[in-house]
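I wished to record what enclosed space this protein holds and which residues surround it. My entries follow the structure.

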Amino acid sequence: MKLKTTLFSVLILLSSLALFSCSHSDKNGKAKPTDVTKKTDSTVTTTTVDTITTKVVYPPIDKKLYDSLMKRLAFGDTTGKWPVKNAPYPLPGAILPFKRVVAFYGNLYAKKMGILGELPPNEMLAKLKGEVRNWQKADPKTPVQPALHYIAVVASGDKGKDGKYRNRMPFKQIDSVLKLAKKANAIVFLDVQVALSNIHTELPLLEKYLAMPQVHFGMDPEFSMKDGSKPGKKIGTYDADDVNYVSNYLTNLVRKYNLPPKILIVHRFTKKMLTNYKNIKLHPEIQMVIDMDGWGEPDLKEGTYRYFVREEPVQFTGFKLFYKNDIKKAPHHMLTPEEVLKKRPNPIYIQYQ
């Protein structure tokens, strides 16, 4: 079940892991809310990043190669679900399936929210480089694209001035993440946990960053509390309509700014986290990844991936690995790249927390 822990004292910031996708694959668990309104690492610095980008002309998509790579990702699937039928070819400049994305997840203010903020920046980037090498060794045929997956809107235990139980991170911190990513030749994902707000409100506030070709987006249904519940009391939900709103918004940005396709990550580890998946619409401008976001022992993660990702196909799949939570129970083992690559279909997006 989900990690269960008491709420932290207001003087001890981020003692809980649960609100930031530290989610066990069992659907009956409950997360606990956490605040990120203060720095927890005095070494964190912020830097303004130039948001002006130069238009790049990308070669046309090699459709024959694309089809062969999608078939390879299906990994001998016999259900007929993979590769997904009638999916559009992406626009030029698409990352998937030509590269596998390997991302570090977290927030610079919080050491307990993921590896991105747990280690000092240079040490974190060195560790990411090591994981990129591991994946490249495990699958030499697929180049690896490093990424930083940053939680830009964080579900909170404090309702805040507007009563929405979420904290928006300052733009100067996003600038710092962009600077770190540039050092690692990494792309960036901005992840949103809306809590009692909604995706229609939060997404447009990040447009100046999403207008950059290297910045992509993640949406977390776990903390979308449509019934007004305080985040952490139950697992939230998004519907296909919510996903379609985001994909349409990003599609318009791609067209407006002449960008390569955006990758859209949708986290999932229960059935109700994503409803009416068959109604999700695909676009050449968007590459949709349903990311298996549960933690636990290998067999539990396999079941979650099978029932909530493989059996309800959208376009691409992702798989999340937890350095700490995955080893809490016997056999105390975090899956290796070689073991993850035995999943059918093969995940093309890998996230480490």
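**Entries on internal cavities**

I looked up the largest cavity and noted that it holds about 70 Å³ of space. I add that the model is a predicted one.

I then asked which elements give two or more residues to the lining of this largest cavity. I found two entries: helix H1 (63-74) and strand E12 (316-321). H1 supplies the largest share of that lining, with 3 residues.

I read through the lining of the largest cavity residue by residue. I listed Met70, Leu73, Ala74, Trp82, Pro83 and Val84 among its members. Gln315, Phe316, Thr317, Pro345, Asn346 and Ile348 also belong to this lining. By class, I recorded 9 nonpolar residues, 3 polar residues and no charged residues around the largest cavity.

I turned next to the second largest cavity, for which I noted a volume of about 50 Å³. Its lining consists of Leu69, Arg72, Leu73, Pro97, Arg100, Asp139, Thr142, Asn346 and Ile348. Here, too, I found that H1 gives the largest share of the lining, 3 residues.

How many residues of each class line the second largest cavity? I entered 4 nonpolar, 2 polar and 3 charged residues.

I compared the two lists for Leu73, Asn346 and Ile348. These residues line the largest cavity, and they line the second largest cavity as well.

Finally, I asked how many cavities of 30 Å³ or more the model contains. I recorded 3 at that cut-off.

Technical notes:
Residues numbered from 1 in each chain as written. Predicted model: local features only at pLDDT ≥ 70, side-chain atom pairs only at ≥ 80, totals over all residues. Heavy atoms only, no water. 1 Å grid on protein atoms, 1.4 Å probe; cavity = no way out; pocket = protein on both sides within 12 Å on 5 of 7 lines; lining within 4 Å. Points joined across faces, edges and corners; volume = space filled by probe spheres on them. Helix = DSSP H or I, 4+ residues; strand = E, 2+ residues; numbered from the N terminus. Nonpolar A, V, L, I, M, F, W, Y, C, P; charged D, E, K, R; others polar.
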